[in-house]
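Me: Please take me through this structure and explain the terms as they arise. I should like to understand why each label is applied.

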Amino acid sequence: MTGLPRWRTPYDLAERLVAPPAEKVVRSDRFASVAATVFGIRRAVEDGVTGLAARVWHLVNLPAGSDLQRLHAQIGALDREVRRLTLHLEQRGDHGDRAGSEQR
Amino acid sequence: MTTFLDPKGVADRVGRELGRTALRARNGIRLAVGSSRPDVGATDKDVVWRHGRTELWRYRSDDVRIGPPLLIVFSLFSRSYILDLQKGNSFVERLVDAGFDVYLLDWGVPDERDAANRLEDYVDDYIPAAVDQVRRISGAEQVNMLGYCFGSVLSLLYAAHHRTAPLRSLTVVTTPVDLQQLGPLTSVMDAAGTDVESLFDTDGNVPPHLVHKAFQILKPTTRITQYVDLVDRLWDDDYVTSYQAMIGWATDHVPLPGAVARQLVDMIRTNALVNDTMVLAGDRIHLSDITVPFLTILGNRDHIVPESSAGPLIDRVGSPDKHELRLEGGHAGVLVGRTAAKKTVPTIIEFLIQRSERRS
């Protein structure tokens, strides 16, 4: 007795038939370009809606979501610079300590 | 042989099926309400260094017998608990039990503050800082380094860009080198080209659900087959626990920093690691500059980083002491599960022990 239920054999058979062509499709260049186009269209629609909403908010002199996103991105970039500088300073300190202890 | 006319055999089968049906019902309810989550990443550890979202963990051990320490560099795409999945099925636990002082560099969950992070941040800033921390804490002059998946790429770039790095050895597992062989994630990025931002979320990163879909779609029927397997073996508590842990990890991705995604597009376009055209911080990076003892491990059933992507690595590394291990296994299967326990982990441990010292 294999321990497999009877319904499993037809499923495995069907899976073996369907899987290879499906994998071939998703690994094709055509699939990649269609997916990229879909993402591009989605992005364009989102940008259009966001731009329209931003104009409405700006009419009443209020910041829009896109302004906040930009601000987030700027803070993120600043945060990254601070993190990098801190790391460089820490490493310089560590190496200075090592050199000092070696000289001693 | 049991026949239908054997009353005892029939009774046994009916009894067994009734028992399994009851267990299926119990486990099905537990799964549906989410009341039994497996305990993942449970090996005792301490956070010994933290910077931004990045943490350096040191696994506790009273029995460190081998030096120098081992620093594991994890991927930017997924969560590191796959290396410490469950008690008794944990790569990290095996290394600790073997006597290593094990550290893991975990990148955390990137948010909008990480959207501008470039590969240089990881390769030239975080990894060197983590190596320094490991040396400071352990008092060792060198470290053994091990990279997993994209963490392997980061480790390779670190070793190649920092030729005097204090590395005793470098081990890389399931390393994407030929990036044009990776399937939908990279091919969609490549096709998106200059419009790669169309893949980004509002935080400026590639969202985790997109990373998940890109990996899931590589095997379009696998998700259904996994459900079928689960229904079939829902009565088996061990199987259900392993299923939850593995499926939980496989669907648990983290955002990919947008700036890294932009660099990846360039790397894919030029197939930079294969064609030796990789540039970091203005410097050309040559994998042939890696000269430390080197081990690369790949799985022949890995659909995320197929053999055709990881295979070219061994010929490009310059180490005189270099080895390749090709295993029967998938992407996680080379470090988790039976193949890992029997083959990968002992091979890695042996490779490291031969290039390390035993402490008294």
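**Labels and their grounds**

Reply: Along its sequence, chain A follows the pattern α-α-α. This is a predicted model, in which local features need pLDDT of at least 70 and side-chain atom pairs count only at pLDDT 80 or more, while totals for chains, interfaces and linings use all residues. Residues are numbered from 1 along each chain as its sequence is written, chains are lettered from A and ligands numbered from 1 in the order in which they are written, and side-chain values use heavy atoms, with hydrogens and water left out.

Me: What makes up the pattern of chain A?

Reply: Chain A has three helices and zero strands; helices (H or I, at least four residues) and strands (E, at least two) are DSSP runs, numbered from the N terminus. Of the 104 residues in chain A, 20% are buried, where buried means under 20% relative accessible area, exposed over 50% and partly exposed in between (1.4 Å probe, protein chains only).

Me: Why are α1(A) and α7(B) called roughly antiparallel?

Reply: The axes of helix α1 (residues 8-26) of chain A and helix α7 (residues 222-232) of chain B cross at roughly 165 degrees and come within 12 Å. Axes are lines fitted to C-alpha atoms, for helices over the stretch in contact, and angles run from 0 to 180 degrees between N-to-C directions. Angles under 35 degrees count as roughly parallel, over 145 as roughly antiparallel, 65 to 115 as roughly perpendicular and the rest as oblique. The two helices are therefore roughly antiparallel to each other. On the side of α1(A), the contact is made by A:Arg8, A:Tyr11 and A:Glu15, and on that of α7(B) by B:Ile224, B:Thr225, B:Val228, B:Asp229 and B:Asp232; contact means heavy atoms within 4.5 Å.

Me: How do you know that α7(B) and α8(B) are roughly antiparallel?

Reply: The axes of α7(B) and helix α8 (residues 237-250) of chain B come within 11 Å and cross at roughly 160 degrees. The pair is therefore roughly antiparallel. In this contact, B:Arg223, B:Gln226, B:Tyr227, B:Asp229 and B:Leu230 of α7(B) meet B:Tyr239, B:Val240, B:Tyr243 and B:Ile247 of α8(B).

Me: Why does B:Asp101 count as buried?

Reply: B:Asp101 has a relative accessibility of 2%, so it counts as buried. This residue lies in strand β4 (residues 100-106) of chain B.

Me: What makes the link between B:Asp101 and B:Arg58 a polar contact?

Reply: The side chains of B:Asp101 and B:Arg58 are joined at 2.8 Å. A polar contact is a pair of N or O atoms within 3.5 Å; within protein, one must be able to donate a hydrogen and the other to accept it, and residues adjacent in sequence count only if both atoms are side-chain atoms.

Me: What makes the backbone at B:Thr174 and at B:Asn271 notable?

Reply: Most residues other than glycine have a negative phi, and most peptide bonds are trans. B:Thr174, which is not a glycine, has a positive phi of about 45 degrees, and phi of B:Asn271 is near 45 degrees. B:Thr174 lies in the loop between β6 (167-173) and α5 (184-192) of chain B and is buried, at 1% relative accessible area. B:Asn271, in the loop between α9 (258-270) and α10 (272-275) of chain B, is buried at 6%.

Me: Why is the bond from B:Gly67 to B:Pro68 called cis?

Reply: The omega of this peptide bond is near 0 degrees. B:Pro68 is placed in strand β3 (residues 66-73) of chain B.
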